[in-house]
Amino acid sequence: MAKKPSERRHQDEHNDEPLDLDVTPFLNIMFMLILSILAMTAWTQLAMLNVQAPQIGGGDGGGGGDAPPDGLSQLNLTVFVLPDGFNVGASGATLDGNSEGRTGQPLIVKTLKQTNELVNEAIGCAGVDQRTKDSLRIPTGADETRRKAAVAALSAACPRYADEYTYDYARLQQKLIEVKKTFPTEESMIVSADGNTPYEVIIRIMDASRKTADGNLLFPAVAFAAGVVG
Amino acid sequence: MTETNPGVSDGTQPYAGWPDHLKHAPQKQKKSSRGKRKPIHTPPLSITSLTDAVTLLLVYLLKTFATNPIEVKDSSIQLPRSNCRPVPGSGEKERKDGTRPRDGCGEVVETTIVMVTGPKVRNRAGEAPEVVAPPRIAVNSDAVLELDGATYRVKPEDHDADSGGWVIKPLRDALKKAKELKEVGALRDGKKFDGKVIILADKNTPYRVLSEVLVTCGESGFADFRFAVIKPD
């Protein structure tokens, strides 16, 4: 429709700039929110493991002062953590002696570490070159000399990975399942370890002794013997 | 004007100022000022899509937002990983009867914290890692004592001789103070002091140090221990 020139000019001016909301301050607030949320978020989720009070003087504490709250402890099941493996004992004596290992060996000896476990350790270790890392990927038994050399290089660079053997938590759990079958009402366990045992090993033992893979409780009430085993 | 003195460009001569073509920024406004004066018009930048993306990011972050009642800010402490997956509602507040979760695996509660850190290590590229500070023991994030950096054990002079070398004296003193504070708080709320303590320990802490810390906690009246671990993903 035809318009008066004055009207037409008026409308053109409006069409030039459509009504636009200024979103910049809004955007600024958004960015600030994102930053603060990123800073406040807890990225590692924590959980708590309950433990019982330690008993001074070795694994043969015999109940000690305070009995564990759930169930009467008659068995005094004890896991000894030795530098070269686990021993499982009850009421102060070691369960079926050394029937499986050689004399003087722990019941559950350490096993060779998985290949990927060693490689992961090499990644966490600064002083290891790529060639060593590649050599660590060699499966056990294939090129034993090269593998052994790589393991030696790894332990030389990072002494805390000095060991190519690891504790056998799976076999410990099997053993505990056997014990649980004989003593179904028993829920407490004592852990007694060598003074140098890392805390991580203790946590792994507690993991192994808490539940089986299908969710049956084993020995979740873990207590610590302060005594050091030899 | 673009051709500057060739002696300047090789960098051996003293600085001779900016070349002329850089001194004066091109002035566009001058052209327009000749005619009718208009307000300076910035070309409209569409930030709507950016706003969309930012909003989506914000929503995602809000959904994954989670807090821990206790925080581990110290870089020298590496908590061990565990397969402990607490049943929701296994935190102390939700359990009205106050019992522990049966499998000994519960949610984080807020209470006294005893921290055993690892050595503080500085990693520089191409160099061997350098130990900056020895491992420490802290109560509620106040450092109490340092361990022996070489042996990773409690120093002999920090032991209480009467306890057979199991009680760590500075830790006991700090825990006694923490207990008094907790008892006042419990009295105000009309509750009893529960003796809960969380042990945050580095995964390489030797068992000897760990059991000494536990014995000392027990001596000082904190007998309900929890170990803080990292949940599986």
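Trainee: In which hand, right or left, does α5(B) pass α6(B)?
Mentor: This is a predicted model. In it, α5(B) crosses α6(B), and the crossing is right-handed.

Trainee: How do the axes of α5(B) and α6(B) stand to each other, parallel, perpendicular or oblique?
Mentor: The two axes come within 9 Å. They cross at roughly 40 degrees. Angles under 35 degrees count as roughly parallel, and 65 to 115 as roughly perpendicular. Therefore α5(B) is, relative to α6(B), oblique.

Trainee: How many charged residues are in the contact of α5(B) with α6(B)?
Mentor: From α5(B) come B:Leu171, B:Arg172 and B:Leu175. From α6(B) come B:Val213, B:Thr216, B:Cys217 and B:Glu219. By class, four are nonpolar and one is polar, and the charged residues number two.

Trainee: Which helix gives the most to the largest nonpolar core?
Mentor: That core has 59 residues. A:Ile205, A:Phe224, B:Val213 and B:Phe227 touch the most other members. Seven residues come from the top contributor, residues 199-210 of chain A, helix α7.

Trainee: Which residues of chain B does B:Phe227 touch, leaving out those up to four places away in sequence?
Mentor: B:Phe227 reaches into chain A, with A:Met48, A:Tyr199 and A:Phe224 among the residues touched. In chain B, the residues touched are B:Ile199, B:Leu210 and B:Leu214.

Trainee: Is B:Tyr152 buried or exposed?
Mentor: B:Tyr152 sits in the loop between β6 and α5 of chain B. Its phi is positive, about 65 degrees, although it is not a glycine. Its relative accessibility is 15%, and the cut-off is under 20%, so B:Tyr152 counts as buried.

Note on methods:
Residues are numbered from 1 along each chain as its sequence is written. Chains are lettered from A and ligands numbered from 1 in the order in which they are written. This is a predicted model: local features need pLDDT of at least 70, side-chain atom pairs count only at pLDDT 80 or more; totals for chains, interfaces and linings use all residues. Side-chain values use heavy atoms; hydrogens and water are left out. A nonpolar core is a set of buried Ala, Val, Leu, Ile, Met, Phe, Trp, Tyr and Cys residues joined through side-chain atoms within 4.5 Å. Buried means under 20% relative accessible area, exposed over 50%, partly exposed in between (1.4 Å probe, protein chains only). Helices (H or I, at least four residues) and strands (E, at least two) are DSSP runs, numbered from the N terminus. Contact means heavy atoms within 4.5 Å. Axes are lines fitted to C-alpha atoms, for helices over the stretch in contact, and angles run from 0 to 180 degrees between N-to-C directions. Angles under 35 degrees count as roughly parallel, over 145 as roughly antiparallel, 65 to 115 as roughly perpendicular and the rest as oblique. A crossing is left-handed if the near helix is turned anticlockwise from the far one by less than a right angle, and right-handed if clockwise. Ala, Val, Leu, Ile, Met, Phe, Trp, Tyr, Cys and Pro count as nonpolar, Asp, Glu, Lys and Arg as charged, and the others, Gly among them, as polar.
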